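Dear colleague,

I am passing on to you the structure below, and after it you will find a description of what turned up when I went through it. Please keep it open beside you while you read.

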Amino acid sequence: MKPRVVSGMRPTGKLHLGHLVGALRNWVDLQSTYDCLYFVADWHALTSDYADASELTAHAYDNAADWIAAGVDPEQSTLFVQSLVPEHAELYLLLSMVVPMPWLERVPTYKEQIEQLKEKDLSTLGFFGYPLLQGADVLIYKANFVPVGEDQVAHLELNREVARRFHKFYGEIFPEPQPLLTHFPRLPGLDNRKMSKSYHNAIDLSDDAASVTKKVMRMYTDPNRVRADTPGTVEGNPVFVYHDAFNPDVAQVDELKARYRAGTVGDVEVKRTLAEAINASLDPMRARRADVLSKPERIKEILLDGSSRARVIAQETMREVRHAVRLTYD
Ligand code: TRP
């Protein structure tokens, strides 16, 4: 039996290059080595976007189309929807009985997000419970590994502590899930701020070639470089971070970097080659995405089918959990 991997993504909008580099490429690579379950974390999207959920299912289908376009294979991995496996909520409830509230208060993303998303009222129980729900998502499949970015490591640490605490009262049930960190550093936004939907500084996976080129040509580079013959800085320059992520021609990237440092290449050339590289890597995805979206029933079917397969595993775990907690009436 292959070790199990579980990961989810919130359907809060279109997916962009950051999702590709930070998660999807990793998801695709893991498929052959692990038993992978990937899900649409729709309840997690609701924890912050509860006021208007009208686009939630549209985003769920659209995101799943991007997953498949990126190479996630529904034959090999189980793709499902969190809310279609209500056992996640049952496990979450039982975990909530034993988890001290201060453990959730000290998760770094908790206060950070409340600070950052001032326009949303996040003083809700649902948002408070976010990392615990995430813990239930992982434990219910007895996952061994969770592919995540740096920002999610604290959630996973909590997840292991929750498992230990549960075991202390009810006996050993869950493996302690370990992170599988994405090797590539976080992709900056086009303006060098954090990449975010609300900053409009991302290239979406669904952008056409012309929009990609337009966005790349407007990218932030070295602000101190006023002319093409001034030596420029490569380190931390988003244009080169993107080259490293999307241009497979390493010799070309090295050459551009050397000439940039020496002040013998213009930004326009560096950006034009970058736009070509990004478009070349998105092209096969564009074709697959169009194909998948031309059969919307197919996406629905994949997610429904995956959800019933996931549910069989989740129900099995819950039988064990109810028994351990002594909630047995049969
Ligand atoms: N919090 C994750 C994110 O924002 C999404 C998520 C929910 C998740 N449940 C999970 C990731 C379980 C991994 C495992 O990216």
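**What was found**

In this model, which is a predicted one, the largest nonpolar core has 54 residues, and the residues with the most contacts inside that core are L17, L24, W67, Y242 and I278. This core takes at least three residues from domain 1 (4-187 + 296-325) and at least three from domain 2 (207-289). Apart from this core lies another one, made up of 41 residues, including V85, V107, F174 and M318.

If you would like one residue to start from, you might choose I278, which, when its neighbours within four places in sequence are left aside, is in contact with L17, I203, V212, V216, Y242 and F246.

Next, the two domains. The chain is divided into domain 1 (4-187 + 296-325) and domain 2 (207-289), and the centres of domain 1 and domain 2, taken over C-alpha atoms, are 34 Å apart. Twelve residues from domain 1 and ten residues from domain 2 take part in the contact. The area buried between domain 1 and domain 2 comes to about 1,000 Å², with 69% of it given by carbon and sulfur atoms. Of the area that domain 1 buries against domain 2, L17, A69 and L187 supply 45%, which is more than any other three residues.

Last comes a pocket. The second largest pocket lies between domain 1 and domain 2, because both domains give residues to its lining. Its volume is about 270 Å³, and it is lined by 14 residues, of which H200, N201, A202, D204 and K215 lie nearest its centre. Sorted by class, the lining of this pocket has six charged, five polar and three nonpolar residues.

With best wishes

Definitions and conventions: Residues are numbered from 1 along each chain as its sequence is written. This is a predicted model: local features need pLDDT of at least 70, side-chain atom pairs count only at pLDDT 80 or more; totals for chains, interfaces and linings use all residues. Side-chain values use heavy atoms; hydrogens and water are left out. A nonpolar core is a set of buried Ala, Val, Leu, Ile, Met, Phe, Trp, Tyr and Cys residues joined through side-chain atoms within 4.5 Å. Buried means under 20% relative accessible area, exposed over 50%, partly exposed in between (1.4 Å probe, protein chains only). Domain bounds come from an automatic or database domain assignment. Contact means heavy atoms within 4.5 Å. On a 1 Å grid over the protein atoms alone, a cavity is a set of points where a 1.4 Å probe fits but cannot get out, and a pocket is an open set with protein on both sides within 12 Å along at least five of seven lines; lining residues have an atom within 4 Å of a point. Grid points are joined across faces, edges and corners, and a volume is the space filled by probe spheres set on the points. Ala, Val, Leu, Ile, Met, Phe, Trp, Tyr, Cys and Pro count as nonpolar, Asp, Glu, Lys and Arg as charged, and the others, Gly among them, as polar. Buried area is the accessible area (1.4 Å probe) that two parts lose on being put together, summed over both.
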